[in-house]
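Here's a quick briefing to read alongside the model. Keep the viewer open and follow the bullets topic by topic.

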Amino acid sequence: MKDTVRLRSGALVTQINSREAQTKGLLDRSMLKTLHLDATGGPIAYSQLNDGSIKLWFAPEQVTGAEPDTWYQPDSRTETVRLPSGSVIEKTTIRKAAALGYYTEERLKSMHLQLFEEPVAFTRRSSDKSLLYFYDRQTTVRMPLMCVQCGKDVRFRRKLCKACYEKDLAARRAEGDAYRNREYGMDRARVLFFDLELTGFYDHDEIISVSIYNAFGQKLMDTLVKPVHTRKWKRTEKIHGITPDMVADSPTLEQLAPEIKRIFAGADNIIAYGVSTDYSHIRYIYATEEERQALKAKVRDCAQEFVRYIQEHRPDVVHASLADAMACFGIEWDGVAHTSIADTIGCLKVWDKLFPNYYVN
Ligand SMILES: [Zn+2]
């Protein structure tokens, strides 16, 4: 038993022995009842009794006179039961109990609450007149969530207990490793890496830098691009360092499009890190939806593969930017980070680590 327990109500109760509680003048529920008092504060301590049940203690300075109708019952003698702890509880009806926030053990379990305190009231089952106890919902304890797989242990990660999680992780890891180590038989000359820098993060933003490498690490294109309708891009300038002055004499995307198309046409796989943004901008070099879909079919996302890798191998790694992926594999930047050329080379190297048998040559 823990020394301090947090109840559902949020109250933190500390264990003391019954004698100590009485010396301090603390009151239990049956004392409050006898004195016609209501506790205004939550319980402040608890004692574990010989039979294992728990009695809660309330502070004497946090009480108020109980409403007479809660104790004045001239017409009926209320049936009582003495609990093993010595506490006396009264018979009540299910309706009254519910109004006070008292529920049966079965009901509380269905609310995912665990009993802590001894019963606070009872009723008799209509079937056989046997005792049915009520417990105060406020003084229950939240049950820990259990593993969805075995149901036996407390959850650790991904809704699984530690043992089930480890087993699941090992299985996923073996599957992922087999996938990444497969022989892909790709021709290095027909695999491209590319990266773009943009004036911003939205659809209307324009490309201001394009870098394309093949898998041999040969540069096929690395150029700044002059935007057509954007004049300044202060926010992204801080990231990639490309100023309006720098692109003033650069070719436009339209001028570059035939060359980019020619390079892309010679590739089976076109890989970028976080490719969806890049794809959503580069696709406009193609006029038809059919051509755009053909490009999309060739495009692969290195970031997505890295995310899968860390989920299987490095659950501790929670960020998956290109810089994170490079750091994870111990890859140094080749040039200035966040320029399209450095990002392209970084992506190429991360891909090499993820797929060691990707190329045939
Ligand atoms: Zn489990």
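Helix α9 is where you'll find His281. With a relative accessibility of 4%, His281 falls in the buried class, since that class takes in anything under 20%. Keep in mind that you're looking at a predicted model.

**A histidine pair across the sequence**

- His281 has His204 for company: the two C-alpha atoms are 8.8 Å apart in space.
- Along the chain, 77 residues separate His281 and His204.

**The largest pocket**

- The largest pocket encloses about 1,100 Å³ of space.
- Its lining is made up of 43 residues, and Arg29, Lys33, Asp38, Leu100 and Tyr102 are the ones nearest the centre of the pocket.
- Several elements give at least two lining residues each to the largest pocket: the helices α2 (29-34) and α3 (94-100), plus the strands β3 (37-39), β5 (54-57) and β8 (88-91).
- If you're thinking about the chemistry of that lining, the largest pocket has 14 charged, 14 polar and 15 nonpolar residues.

**The second largest pocket**

- For the second largest pocket, the volume comes out at about 520 Å³.
- Here 21 residues form the lining, with Asp195, Leu196, Glu197, Phe201 and Asp343 nearest the centre of the second largest pocket.
- Strand β14 (191-198) and the helices α6 (234-240), α9 (275-282) and α12 (322-328) each put at least two residues into the lining of the second largest pocket.
- Which element gives the largest share of the lining of the second largest pocket? That would be β14, with 4 residues.
- Sorted by class, the second largest pocket is lined by 10 nonpolar, 7 polar and 4 charged residues.

**The four-stranded sheet**

- Four strands make an open sheet with mixed pairing, in the order β1-β2-β4-β5.
- The edge positions go to β1 (4-6) and β5; each has a single partner strand, so one side of each has no neighbour in the sheet.
- Going from one strand to the next, the twist averages 30°.
- Inside the sheet, β2 (residues 12-15) and β4 (residues 45-48) run parallel and are joined by 2 bridges.
- To pin down one contact, look at Gln15, whose bridge partner in β4 is Tyr46.
- Strand β5 turns up twice in this briefing, as it also supplies at least two residues of the lining of the largest pocket.

**Cysteines**

- How many disulfides does the structure hold? The count is 0.
- Take Cys347: the closest cysteine sulfur belongs to Cys302 and sits 4.1 Å away, which is too far for a bond because a disulfide needs the sulfurs within 2.5 Å.
- Is Cys347 buried or exposed? Its relative accessible area is 1%, so Cys347 is buried.
- Cys150 is partly exposed, because its relative accessibility of 29% lies between the 20% and 50% cut-offs.

**Positive phi in a loop**

- Arg158 isn't a glycine, yet its phi is positive, at about 50°.
- You'll find Arg158 in the loop between β13 (141-142) and α5 (162-181).
- Lys159, also a residue other than glycine, has a positive phi near 65°.
- The loop between β13 and α5 holds Lys159 too.
- Lys159 has a relative accessible area of 51%, so it counts as exposed, the cut-off being over 50%.

Conventions: Residues are numbered from 1 along each chain as its sequence is written. This is a predicted model: local features need pLDDT of at least 70, side-chain atom pairs count only at pLDDT 80 or more; totals for chains, interfaces and linings use all residues. Side-chain values use heavy atoms; hydrogens and water are left out. Buried means under 20% relative accessible area, exposed over 50%, partly exposed in between (1.4 Å probe, protein chains only). On a 1 Å grid over the protein atoms alone, a cavity is a set of points where a 1.4 Å probe fits but cannot get out, and a pocket is an open set with protein on both sides within 12 Å along at least five of seven lines; lining residues have an atom within 4 Å of a point. Grid points are joined across faces, edges and corners, and a volume is the space filled by probe spheres set on the points. Ala, Val, Leu, Ile, Met, Phe, Trp, Tyr, Cys and Pro count as nonpolar, Asp, Glu, Lys and Arg as charged, and the others, Gly among them, as polar. Two strands pair if DSSP finds at least two bridges between them. Axes are lines fitted to C-alpha atoms, for helices over the stretch in contact, and angles run from 0 to 180 degrees between N-to-C directions.
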